[in-house]
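Visitor: Please take me to a single part of this structure and look at it closely. After that, I would like to follow how the rest is arranged around it, one step at a time.

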Amino acid sequence: MFDLRHLEHSTIIYEDQNQHPLLRLCWNKQDSNYLATMAIDGLEVIILDVRVPCTPVAFLKNHSACVNGIAWAPHSSCHICSADDQQALIWDIQQVPRQVDDPILAYKADGEINQVQWSAGQPDWIAICYNNSMEMLRV
């Protein structure tokens, strides 16, 4: 993380232990201290708190294949959706830094999910893309 006003000051927020490149990054829309990321070919989402560099506050590990997408809920600081091979999982991370073992909701698609977005205007809806399809899911 860089302060563009003072480029000589920077903080490494997180580095993968196995030196895998990080694939995606997503800021929490309600609490800007939290962000989520994932390593390329990783089976987990890593939740970070920028106030505590280098130490993830949670690992969301209930994925059966590589995570392809992450999206924070626009209306809640503690709900995040992640997607992997054919599943969209919704997590409640209200209890962090304690481990979050299971998602609160799960949806199985007919193909590999490659994108997930949580609607800002309609927070009860999530959109997922897979194969040549796009689905809207009410949560």
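Guide: Let us begin with Ile13, which is placed in the segment before strand S1 (22-27); strands, like helices, are runs assigned by DSSP and numbered from the N terminus, a helix being H or I over at least four residues and a strand being E over at least two. This is a predicted model, in which local features need a pLDDT of at least 70 and side-chain atom pairs count only at pLDDT 80 or more, while totals for chains, interfaces and linings use all residues. Residues are numbered from 1 along each chain as its sequence is written, and side-chain values use heavy atoms, with hydrogens and water left out.

Because the relative accessibility of Ile13 is 11%, this residue counts as buried; the word means under 20% relative accessible area, whereas exposed means over 50% and partly exposed lies in between, with a 1.4 Å probe and protein chains only. What makes Ile13 a useful starting point is its pairing with Pro53: 40 residues separate the two in sequence, and yet their C-alpha atoms are 4.4 Å apart in space.

The position just after Pro53 in the numbering brings us to Cys54, in the loop between strand S3 (45-49) and strand S4 (58-60). Most residues other than glycine have a negative phi, but Cys54 has a positive one, near 75°.

Following the chain onward leads to Ala58, which belongs to strand S4. Ala58 counts as buried because its relative accessibility is 1%. Leaving aside neighbours within four places in sequence, Ala58 is in contact (heavy atoms within 4.5 Å) with Val45, Ile46, Ile47 and Val96. Ala58 and Ala73 give another pair to weigh, for they are 15 residues apart in sequence and 17 Å apart in space, from C-alpha to C-alpha.

From here we can turn to charged side chains. Side chains of opposite charge can pair when their charged atoms come close. A salt bridge here is a side-chain nitrogen of Lys or Arg within 4 Å of a carboxyl oxygen of Asp or Glu, and a search of the whole structure finds two of them. In one, the side chains of Arg51 and Asp49 meet with 2.8 Å from N to O. The partners differ in their surroundings: Arg51 counts as exposed, because its relative accessibility is 52%, whereas Asp49 is buried, with a relative accessible area of 6%.

The other salt bridge joins Arg138 to Asp124, with 3.8 Å between the closest N and O atoms. This pair links distant parts of the chain, since Arg138 is in strand S11 (133-138) and Asp124 is in the loop between strand S9 (113-118) and strand S10 (125-130), 14 residues apart. Arg138 is exposed, at a relative accessible area of 60%, and Asp124 is partly exposed, at 36%.

Another loop, the one between S10 and S11, holds Asn131. Although Asn131 is not a glycine, its phi is positive, at about 45°. This residue counts as exposed because its relative accessibility is 57%.

Asn131 also appears among the contacts of Asp110, a residue found in the loop between strand S8 (105-108) and S9. Not counting residues up to four places away in sequence, Asp110 touches Gln86, Tyr130 and Asn131. Asp110 is itself exposed, its relative accessible area being 65%. Between Asp110 and Leu25 there are 26 Å in space, C-alpha to C-alpha, for a separation of 85 residues in sequence.

Finally, let us step back to the whole chain. Its secondary structure comes to zero helices and 11 strands, so that, read along the sequence, the pattern is β-β-β-β-β-β-β-β-β-β-β. The radius of gyration, taken over C-alpha atoms, is 15 Å, close to the 14 Å that the globule rule gives for 139 residues, so the chain is as compact as a globular protein of that length; the rule is 2.2 Å times the number of residues to the power 0.38. Along its principal axes, the C-alpha trace spans about 45 × 35 × 30 Å. Buried residues, of which Ile13 is one, make up 41% of the 139 residues. Of the contacts with a separation of 6 or more, 37% are between residues 24 or more positions apart.
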